[in-house]
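Reader: I should like to go through this model with you, beginning with the ligand. Could we take it step by step?

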Amino acid sequence: MKLKEKLAELIPQWRAEVAQIRKTYGNRKTMDCTIGHAYGGMRGLKALICDTSEVFPNEGVKFRGYTIPELRKGDAKLPSAPGGEEPLPEGLWYLLLTGELPTEEAVKELTAEFAKRATVPQYVIDVIRAMPVDTHPMTQFSAAILAMQKESIFAKRYQEGMRREEYWEAMFEDSLNLLARITGIAAYIYRRKYKDDTFIAPDPNLDWGANFAHMLGNDDPAFYELMRLYLFLHSDHEGGNVSAHTNFLVSSALSDIYYSVSAGLDGLAGPLHGLANQECLRWIMMLYEKFGGVPTKEQLEEFCWETLNSGQVIPGYGHAVLRVTDPRYTAQREFALKYMADDELFKIVSLAYEVVPQVLMKHGKAKNPWPNVDAHSGVLLYHFGIKEFDFYTVFFGVSRALGMTAQAILARGYLLPIERPKSITTRWVKEVAESLPVSEG
Ligand code: CMX
């Protein structure tokens, strides 16, 4: 297969390059590490490697150096489905892994490979069914992915004495299987929980995103496009976010991709990370219900202060790295303007864009008052009939699996070691802090 051949050509070169960099520059400082970093969630600490994407405070994410507009519409446009415009997420996976823009043919091959491997094993369905139906969809999702660990080619080959140079290849095969099935697993959880346990089989003629839409039960071509866009946008956000970093850390122990992605999903399930999309729509709906429709600016402002004064955050706003409107938000807004400009909830989202940043600036705490990706995704899903908020993070998880798998494959390709940072104690800090040099950063 083209992607695997390409990786077999690139990875040995990259491995040698990484080894050389480590040897030559291993003792150079990226920055000073401070006590503030240790207590402050390591914010901004340059201590991780991630080559798939990078987040720039004033520009947002770039996938292998390309911006979202470039990949959606510009010079680096990724292949789209016949009759569609949005990039096929399969093409993005190719780009994340190789750093090269895929040909139409390479993307078709990957789509076909996912379709070939798409059957979800019966025991995974049984694992999902064994959980109470009111179990949170993210719990069901993570458990179902973990249950597939028994299939791991990496774990099997490791037991058989696989050479280190072959780790990436086994990781790649596992990743193909995981990605091929992840949409079917997510769709099954949805259909079981909300649609009377009725299962829709995959359609082998559809691309990965459209097939997901199909298995969820909506064959509107606009919803196909939304799924392609959604899976493209949420896929990767460099290495330090909770889901990506958890996946990276777990896989550094040579735990296989089922363990690491399942763990990454557990992090994504937190309200300060992926669960924010569910919280965001809940907040918009509360507004809608309280004011019996689209509120006025004044009413929305009043509602923001109520949220803040009750000690809660405004979901969908703020970011640990970004300092501008998230370009993933902007892409979703463009989609909404094209397909659902008159939608009432979209109007609230648009109004919130005018009001919330001003309120957060007055509030004076958030370093970034602008919307992030989660501020918009819920209304798009709601418009297309996915009204069950607590399922929203599963969409994020399906997409984030693209980034998590790509990052883990590359880490094994580079032969990166197990992660093991040094922790310090508060007692040590109290004893030595006065004598430590002050950071120049
Ligand atoms: N509403 C109210 N207060 C906010 C806020 C918001 N949207 N965003 C940040 N703040 C507050 C923080 O709670 C913090 O308060 P304290 O000093 O009392 O602890 C202060 O502003 C400074 O925080 P920050 O440095 O600007 O932000 P962090 O890097 O600590 O956190 C994030 C980033 C995303 C967790 C935070 O902005 C937030 O909670 N946003 C709302 C939840 C959300 O949208 N999460 C999704 C992020 C994207 C994703 O991962 O999916």
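Reader: Which residues come nearest to the ligand?
Author: This is a predicted model. In it, 20 residues surround the ligand, and those that come nearest are His273, Tyr317, Lys365, Lys367 and Asp374.

Reader: What is the distance from the side chain of histidine 273 to an oxygen atom of the ligand?
Author: An N or O atom in the side chain of histidine 273 is 2.7 Å from a ligand oxygen atom.

Reader: And which backbone atoms should I look at?
Author: Two residues can be named here. Isoleucine 314 places a backbone N or O atom 2.9 Å from a nitrogen atom of the ligand. Glycine 316 has a polar backbone atom 2.8 Å from an oxygen atom of the ligand.

Reader: How much of the ligand does the protein bury?
Author: The protein buries 76% of the 890 Å² that the ligand exposes when taken alone.

Reader: How do the residues of the shell divide into nonpolar, polar and charged?
Author: Eleven residues of the shell around the ligand are nonpolar, five are polar and four are charged.

Reader: Turning to the domains, how is the chain divided?
Author: Domain 1 covers 1-25 + 41-272 + 390-419, and domain 2 covers 276-383. Their centres, taken over C-alpha atoms, are 28 Å apart. Domain 1 brings 31 residues to the contact and domain 2 brings 25 residues.

Reader: Where does the ligand lie with respect to those two domains?
Author: The ligand lies between domain 1 and domain 2, because both of them give residues to the shell around it.

Reader: What area is buried between domain 1 and domain 2?
Author: About 2,400 Å² is buried between the two domains, and carbon and sulfur atoms give 65% of that area. On the side of domain 1, Pro57, Leu226 and Tyr392 supply 24% of the area buried against domain 2, which is more than any other three residues supply.

Reader: How many salt bridges are found across the interface of domain 1 and domain 2?
Author: Three salt bridges are found across that interface. There are also nine residue pairs in polar contact across the interface, with both residues at pLDDT 80 or more.

Reader: Which side chain meets arginine 72 in a salt bridge?
Author: The side chain of glutamate 334 meets that of arginine 72, with an N to O distance of 2.9 Å.

Technical notes: Residues are numbered from 1 along each chain as its sequence is written. This is a predicted model: local features need pLDDT of at least 70, side-chain atom pairs count only at pLDDT 80 or more; totals for chains, interfaces and linings use all residues. Side-chain values use heavy atoms; hydrogens and water are left out. A residue is near a molecule or strand if one of its heavy atoms lies within 4 Å of it. A polar contact is a pair of N or O atoms within 3.5 Å; within protein, one must be able to donate a hydrogen and the other to accept it, and residues adjacent in sequence count only if both atoms are side-chain atoms. Accessible areas come from the Shrake-Rupley method with a 1.4 Å probe; for residues, only the protein chains shown count as cover. Ala, Val, Leu, Ile, Met, Phe, Trp, Tyr, Cys and Pro count as nonpolar, Asp, Glu, Lys and Arg as charged, and the others, Gly among them, as polar. Domain bounds come from an automatic or database domain assignment. Contact means heavy atoms within 4.5 Å. Buried area is the accessible area (1.4 Å probe) that two parts lose on being put together, summed over both. A salt bridge is a side-chain nitrogen of Lys or Arg within 4 Å of a carboxyl oxygen of Asp or Glu.
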